[in-house]
Amino acid sequence: IFTEDQLSSYGVTPGIISKMSFFMTSSDDNKPRNTDIYIVHTDKDFFTAGNDWVSVGESDKVYSGSHTLINGWNEFEFNNNFIYEGGNILVCYDDNAGTYSSSKSFKVNTTINNSSLYIRSDVTNYNPSASASYQGNVQTTNNQVRFTWESAKPSVTVTPDPIALGE
């Protein structure tokens, strides 16, 4: 969960988010990962327990594709832009590769509350759309991310007064 205050401190204002990047600090796996990323607005400021999931669906998917994780910034250009209206958002990173590697780690920021909820398995590919029955783990961290967005600009409609040009 990224709170509105956190997003504001990153300079993110209401508008269109078209990309995001995660910073990986270590990886020994140079294989393509089938990845889905979902983003939704949420009223939650933090997770209360390992089963306090936020529901995501197919319409919330902003990225779906194959990506080889590298040490450093990993950029994901969205297939479907996310319209950020202000408030808190949840980012769900779903790795569908079917394998788990403990040698992967991402740069994180420490948070006051349980801002992250995760689940992983060597054999089960969890479905984020059916997470209500899953028991995950909460953490007081957020992945360090970069968002690429276009700020919402007010639209202006101008209707000129008719001008008499003579006869």
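How many helices and strands does the secondary structure of the chain hold?

**View 1. The elements of the chain in the predicted model.** The secondary structure is made up of one helix and eleven strands. Starting at the N terminus, the order is α-β-β-β-β-β-β-β-β-β-β-β. Of the contacts between residues at least 6 apart in sequence, 83% link residues at least 24 apart.

**View 2. Confidence along the chain.** The average pLDDT of the chain is 85, and 85% of the residues reach at least 70. Strand 4 (residues 72-84) has the highest mean pLDDT of the elements, 95. The lowest, 80, belongs to strand 6 (residues 105-106). Predicted coordinates should not be read in detail where pLDDT is low.

**View 3. Buried residues and exposed area of the chain.** The chain has 167 residues, and 37% of them count as buried. About 9900 Å² of the chain is exposed, with 47% of that area supplied by carbon and sulfur atoms.

**View 4. Tyr10 in its loop.** Tyr10 lies in the loop that runs between helix 1 (4-9) and strand 1 (15-26). Tyr10 counts as partly exposed because its relative accessibility is 33%, a value between the cut-offs of 20% for buried and 50% for exposed.

**View 5. The surroundings of Tyr10.** Which residues does Tyr10 contact, leaving aside its neighbours within four places in sequence? They are Phe2 and Asn109. Phe147 is 137 residues from Tyr10 along the chain, and the C-alpha atoms of Tyr10 and Phe147 are 8.4 Å apart.

Conventions
Residues numbered from 1 in each chain as written. Predicted model: local features only at pLDDT ≥ 70, side-chain atom pairs only at ≥ 80, totals over all residues. Heavy atoms only, no water. Helix = DSSP H or I, 4+ residues; strand = E, 2+ residues; numbered from the N terminus. Buried < 20%, exposed > 50% of the residue type's maximum accessible area, 1.4 Å probe, protein only. Contact = heavy atoms within 4.5 Å. pLDDT = per-residue confidence, 0-100. Areas by Shrake-Rupley, 256 points an atom, 1.4 Å probe, with all protein chains shown as cover.
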